[in-house]
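Work through these short exercises on aromatic rings. Try each task before you read its solution.

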Amino acid sequence: MADPAIHHETQPINQIAIDYTPEACTHCPESNSITLTYDHRGGARWRSTTRFLYGTFSSLIQCPKGNTSGLNFNIYLSSLEGDKSQDEIDFEFLGKDKTIVQTNYYASGTGNREEIHDLGFDCSDAFHEYVIKWCPNFIEWLIDGKVVRKVEKREGEGFPEKPMFLYASIWDASYIGDATWTGPYMGCDAPYLCLYKDICVPVGTAVECSCDS
């Protein structure tokens, strides 16, 4: 059987919905680029307008420059942000250290599967490619074409199976864990810009898009 992760068709994201602070999110469909800004207005969050069931999701991302302590910027899948029973698959950047990224996934609202990965570079220096490959039996997280984590579905263990939106946001997460997660928010280099380009989602809809066998 062929590896289904290799055969996913993707297409540029054409439409997005902005969940909050639309004036802090700039979308250019022609260049397939999105800019999120964090400043005195707070942050912003965008998402795809449809859910997808399995497939490959990717973006080139250049994270914000300067002292980003306290901020979280990300790209992730979620069945519905804010739903206590959500499925989710994450890439999360922790503003206190721009040389690492955290991966995590949730099944029916249960997470606690975090792993920290050394990037080997400062995520704000240039664009790098971040890819989530989500199949019925495994998930892969890739950075610049290299698999940094793979999780296989196991009997008796939770695994994301609900159709999910593609999301990205920038926000102040310094209140979590008394600032131990992302650091205390400093704000000395605001505004902070998180840049996304060449954003791709699976071809088809949540009903039509599935892994090849």
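The exercises below deal with ring pairs, a ring cluster and charges over rings in a predicted model.

**Exercise 1.** Find how many aromatic pairs the whole structure holds.

Solution. Search the whole structure. The search gives 12 aromatic pairs.

**Exercise 2.** Classify the pair of Tyr 54 and Trp 134, and place both residues along the chain.

Solution. Start with the distance: the ring centres lie 4.7 Å apart. Pairing needs centres within 6.5 Å, so the rings count as a pair. Next, the planes: the angle between them is 55°. Under 30 degrees is stacked and over 60 is edge-to-face, so this pair is tilted. Now place the residues. Tyr 54 sits in the loop between strand E5 (44–48) and strand E6 (55–62). Trp 134 belongs to strand E11 (residues 128–134). The two are 80 residues apart, and the pair links distant parts of the chain. Both Tyr 54 and Trp 134 are buried.

**Exercise 3.** Describe the pair of Trp 171 and Tyr 175, then decide for each residue: buried, partly exposed or exposed?

Solution. The pair is tilted, with 6.3 Å centre to centre and 55° between the planes. Trp 171 has a relative accessible area of 22%, so Trp 171 is partly exposed. Tyr 175 has 60%, so Tyr 175 is exposed. The cut-off for exposed is over 50%.

**Exercise 4.** Name the residues that form one aromatic cluster.

Solution. Phe 73, Phe 91, Phe 93 and Tyr 130 make up the cluster.

**Exercise 5.** Find which charged residues lie over the rings of Trp 141 and Phe 138.

Solution. Take Trp 141: Arg 149 lies over its face, 4.9 Å from the ring centre. Take Phe 138: the charged end of Lys 150 is over its ring, 4.5 Å from the centre.

Key: Residues numbered from 1 in each chain as written. Predicted model: local features only at pLDDT ≥ 70, side-chain atom pairs only at ≥ 80, totals over all residues. Heavy atoms only, no water. Phe/Tyr/Trp six-rings, centres within 6.5 Å; stacked < 30°, edge-to-face > 60°. Helix = DSSP H or I, 4+ residues; strand = E, 2+ residues; numbered from the N terminus. Buried < 20%, exposed > 50% of the residue type's maximum accessible area, 1.4 Å probe, protein only. Lys NZ or Arg CZ within 6 Å of the ring centre and 35° of its normal.
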